[in-house]
Amino acid sequence: MVGPIIDAADIVKDYGSARALHGVSLEVGAGEFLALVGPSGCGKTTLLKILAGFEEPTGGRLEIQGKDMRGVPAANRPTRMVFQKLALFPHKTVAENIGFPLKLQKVEKSESDSRVRAMLDLMHLKPEYLDRYPAQLSGGEQQRVALARALVSQPGVLLLDEPMSALDAKLKKSLQAELKKLHREIGTSFVLVTHDLEEAMMLADRICVMRSGHVVQIGTPADIYYRPANMFVAGFIGETNFLPVTATKTAAGATVTSALIPGASAEIPAEHVSPALSAAGTALLVRPESTRFVKGDATSGEWVLDGEVEEYFIKGASTQYRIRVAGLPAAVVMDLPGSIVLPARVGEKVRVGFQPAHAFLLSE
Amino acid sequence: MQIEQKSWKDPVLIATVAPLAIVMVVFFLTPLLMTAVRTSQTTQYYRLSWTWNLKIWTEVFSKPHYWTIMLRTVGMAVVCVLLCVLIAYPAAYAMATRLKTYKTQIQILIIFAFLTDAVLKTFGWILILDKNGVANWLLMHVGFPPEMLNLLFSPAGTMIGMVYNLVTYPMFTIYLSLVRIDRDLVLAAYDAGASRLRTFFEVTLPLSRPGLYSGAVLVFVLSLGAFLEPRVLGGGTSPLASELIRQSFETRVNWPLGAALTLVLIAIGALTLAVSVALTMRRRPNQGSAA
């Protein structure tokens, strides 16, 4: 692989006395799809604006395609942005919108026209839309026009600032699929900002999870899901259970004990231990789908918690149970395969079992 | 929201529309109609007589003197519009983009100046423009020959007063359309590779057109009727239409002539507006609102 297309090191951004980014380092490979994820205010949009050239970093180094970007205005960067609210020019037709970057590059009219046409085909937009104004198109169509405008000048990097947050769920799904296909087809690097980790997992090759101006974890979707750096990352995707434990590191991994299950101790293999493990607030991450009701004897090594069914939700393919366990602050969430006969009713006393060796050990 | 289809005989509808309709009929249509009727009468010995002829119109159309004044009025109005827009646009742009912190204070100051009585302000300009006034005094002190400017009682003096009194309108209409432009559109233009200047001409200027046009129309209509400035600052050396109409009514007590000239002025104004609206609307038909 050639060098990274974006190489950002120790990017710091201050707004007055408030620090929005605390030394963020990030590399994006050529043709890679990277997602920046985090709750609102985590600095992901600020980082994107710095990449695009709308904001100057207070400190740090940013190289795009091997060139230092300090003082380079947005207009001269090899990046193109798709805005959250799309920012299509309302007074220009679809053709003028898509062809705008080419017009600025003084591309010949005939060539510009054919490239606009090609983008239209790529985005599955009808040719008769060329003379329409953005306001005359539907939300999904506007989205495609915005993508077409950003891609027509064949940028090195495409930056996407939550472009799908305003769409309804169904349209969002189909556009996500199209975006992934598009990325595969054109081979441009994509950097997507989103607050939706599920969207990021579906689309991205790598995910960068951010929190209050820091990068918490960068990794593949599988890394983020199965090997989260800490409870923040783990809690960011869907519902999970955290069982407070005491851990001692060993050569093969760690030994954990829990106050809720007296006398029991379990060996956690090294690959199930977070590399960022610290002494404070260690917990076992138990995914809802890896729990079961224990009726009869527990299997070997299984940990069992006694509780009471608080509520259940039938989701079709699966049934979700929430079990109140004495000593745990939050209800234990279980995802069981759906069945005709419900395994337990509300208020019923149940035993929840899981294999601690399959769980993941992390800290706050 | 459902759009209700109502019969025009609906009593509630009539009751809600009636007050405005009555005001328009009584205070706008009736005087206009009376003015039109006046033109077909004649005055003799300072009294109106109810004759029905079009004699006055032959006079209006045969005397070039009136048309010189009408043409001068339109010319002054056009120049006034251009100057107002040229001054107001940068000021509004600065308020909308650069001076956001002080924008409230600036607006309050402008509104204060705007609400000060126009007569006072116009007379104030005499102090500045007079041969021995502030302007010449300042110019002399920075090394220019004494009494360099001789603007008072000239069309230039009239123009200064008109621009000063009217520039606030386009300043606010342009400001309002500038602040409505989504900042992302400007960023999108930069991102697409446009320079600041290019972005201004490709995005900011076209999107601020509504404010620009409505400001220009306001200034044009108001300056057609400019009365105070040509009297006070123009000194009556080159009268404009309003002065001519006043003279016809008051000095010459020729009401039919005054009425006819009034209609001519209204017609010129309406025609100019119709032509400019047609020219600007033709460019972009059925363009939806901003997405």
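**Exercise 1.** Find how many bridges join strand S3 to strand S9 in chain A, and place these strands in their sheet.

Solution. In this predicted model, S3(A) (residues 33–37) and S9(A) (residues 206–211) run parallel and are joined by four bridges. Strands here are DSSP runs (E, at least two residues), as helices are (H or I, at least four), numbered from the N terminus. Within this pairing, Ala35(A) stands opposite Ile207(A). Next, widen the view: six strands of chain A form an open sheet with mixed pairing, in the order S6-S7-S8-S3-S9-S10. Two strands count as paired if DSSP finds at least two bridges between them. S6(A) and S10(A) (214–219) each have a single partner strand, so one side of each lacks a neighbour in the sheet.

Residues are numbered from 1 along each chain as its sequence is written, and chains are lettered from A in the order in which they are written. Local features need pLDDT of at least 70, side-chain atom pairs count only at 80 or more, and totals for chains, interfaces and linings use all residues; side-chain values use heavy atoms, without hydrogens and water.

**Exercise 2.** Describe the interface of chain A and chain B by its residues and its salt bridges.

Solution. Start with contact (heavy atoms within 4.5 Å): 24 residues of chain A touch 24 residues of chain B. Then count salt bridges (a side-chain nitrogen of Lys or Arg within 4 Å of a carboxyl oxygen of Asp or Glu): there are three between the chains. One salt bridge links Lys85(A) and Asp182(B), whose closest N and O atoms lie 3.8 Å apart.
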